[in-house]
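Here are my notes on the model you sent, set out as numbered points. They cover the domain arrangement and then the internal space.

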Amino acid sequence: MSNHIYLDFQSTTPLDEITLKSMIPYFSEKFANASSSHALGIENSLIIEKSRRLIARDIGSNQKEIIFTSGATESNNIAINCITKYHGKGEIITVKTEHKSILDSCKELEDNGFTIKYLNVDKFGLICLSQLKKEITKDTILVSIMYGNNETGVLQPINQISKITKALNIPLHCDATQSIGLLSFNVKELGIDMLTFSSHKFYGPKGVGGLFIDKSLKIAPLIKGLQHEKGMRSGTYNLPGIVGMQVALNISRNKQKDEYMRLIKLRDRFLEKIKSIKYICNTPLKSSLPHCLSLSFPNVNMQKFLSRLNKVILSTGSACNSGNQQESHVLTAMGINKTLVNSTIRLSFGRATSESDVDNAAIEIINAANYSYVV
Ligand code: PMP
């Protein structure tokens, strides 16, 4: 990729070559609408169902429990709203550090009479299980808590959370967008009732994702039309996207063990290399995704710092927030002061990152920091 050092794999990943090849026939010669009842349509509907079956197998669910969407934003919106639409009223518990697609969906529900309880996080970004227990009441209809955070990479203790929700029979939705290609997943073992995923985070195509919905959940359909996806999400199938997502997920699963260790080593190597400058690591390294770092640089003027980056491509805060200039709600919820929040970068390593990329990035970041200290 040019002569840049791309360190923003949490924002998006490049499309894997094998995945791309698997998709190409479905753009052109195998273009038929998978919902058509003619022979070509039926052929493609079998491809959709095969992809669904293989994705379901990769996350430990049943084929009938997967719906395809346009990505994690849509999956999160559906997850929150299909439950609330069914119940008509009630309480939702979520976390202050969730992705905006959850928080803004909840905000709208709040305006429409639902009660939303936002759990706090500690300085590591972790929720407190006893607060979760305390907030659940007879009116709670959903708990929605992400797995790996998109700004700091902190991993919430989903299996402990699901013990609480299962014991009280409350559905648990988990936004696993950042973690699904990097960690092994079994929704049934983890006790998750709904799970969001998005293909472009695991080297698949953009604009396609999915939602696992446990078959026992009581939900109402949202996206009306010709009853695709059992009425849950109407719309013509994104056949190349779905095929690509399945192949990409499978490749990620096969690479996962080796890649996990390699990414941890790269991350640790980077921290070792930047030892000479003062930084605060907001990522709790013992309970986080393997590939990312949120680092704050005290007394560094971020504008000056960024102006000195030449090759390194990284993100300030979350790429998902980059369209607006708001301060990171994640770092703020962790109790980090405004000045530090504004001098924070997010780095994430990926399949293409080599040791020499890490070393060169470290040199550039050290130089940029040294140039940007405010005296
Ligand atoms: N949830 C999380 C945790 C994310 O990181 C993102 C993407 N940054 C989304 C949801 C939205 O994903 P998509 O781009 O697939 O809509």
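**Domains and cavities**

1. In this predicted model, the C-alpha centres of domain 1 and domain 2 are 27 Å apart. The contact between them involves 31 residues of domain 1 and 32 residues of domain 2. As for the bounds, domain 1 is made of 5-12 + 256-372, while domain 2 covers 17-251. Domain 1 is thus written as two segments of the chain and domain 2 as one.

2. The size of an interface is often given as the accessible area lost when the parts come together. Between domain 1 and domain 2 that buried area is about 2600 Å². Carbon and sulfur atoms contribute 56% of the area.

3. Which polar interactions cross the interface of domain 1 and domain 2? There are 15 residue pairs in polar contact, counting pairs with both residues at pLDDT 80 or more. Salt bridges across this interface number zero by the rule applied.

4. On internal space, a search of the whole structure returns two cavities of 30 Å³ or more. The largest cavity holds about 200 Å³. Its lining consists of 21 residues, and the closest to the centre are Gly181, Leu182, Lys201, Phe202 and Tyr203.

5. By residue class, the lining of the largest cavity comprises eight nonpolar, nine polar and four charged residues. Gly is counted here among the polar residues.

6. Where does the lining of the largest cavity come from, in terms of domains? Both contribute: at least three of the lining residues belong to domain 1 and at least three to domain 2. The description of this cavity should therefore name both domains, because each supplies part of the lining.

Terms used. Residues are numbered from 1 along each chain as its sequence is written. This is a predicted model: local features need pLDDT of at least 70, side-chain atom pairs count only at pLDDT 80 or more; totals for chains, interfaces and linings use all residues. Side-chain values use heavy atoms; hydrogens and water are left out. On a 1 Å grid over the protein atoms alone, a cavity is a set of points where a 1.4 Å probe fits but cannot get out, and a pocket is an open set with protein on both sides within 12 Å along at least five of seven lines; lining residues have an atom within 4 Å of a point. Grid points are joined across faces, edges and corners, and a volume is the space filled by probe spheres set on the points. Contact means heavy atoms within 4.5 Å. Buried area is the accessible area (1.4 Å probe) that two parts lose on being put together, summed over both. A salt bridge is a side-chain nitrogen of Lys or Arg within 4 Å of a carboxyl oxygen of Asp or Glu. A polar contact is a pair of N or O atoms within 3.5 Å; within protein, one must be able to donate a hydrogen and the other to accept it, and residues adjacent in sequence count only if both atoms are side-chain atoms.
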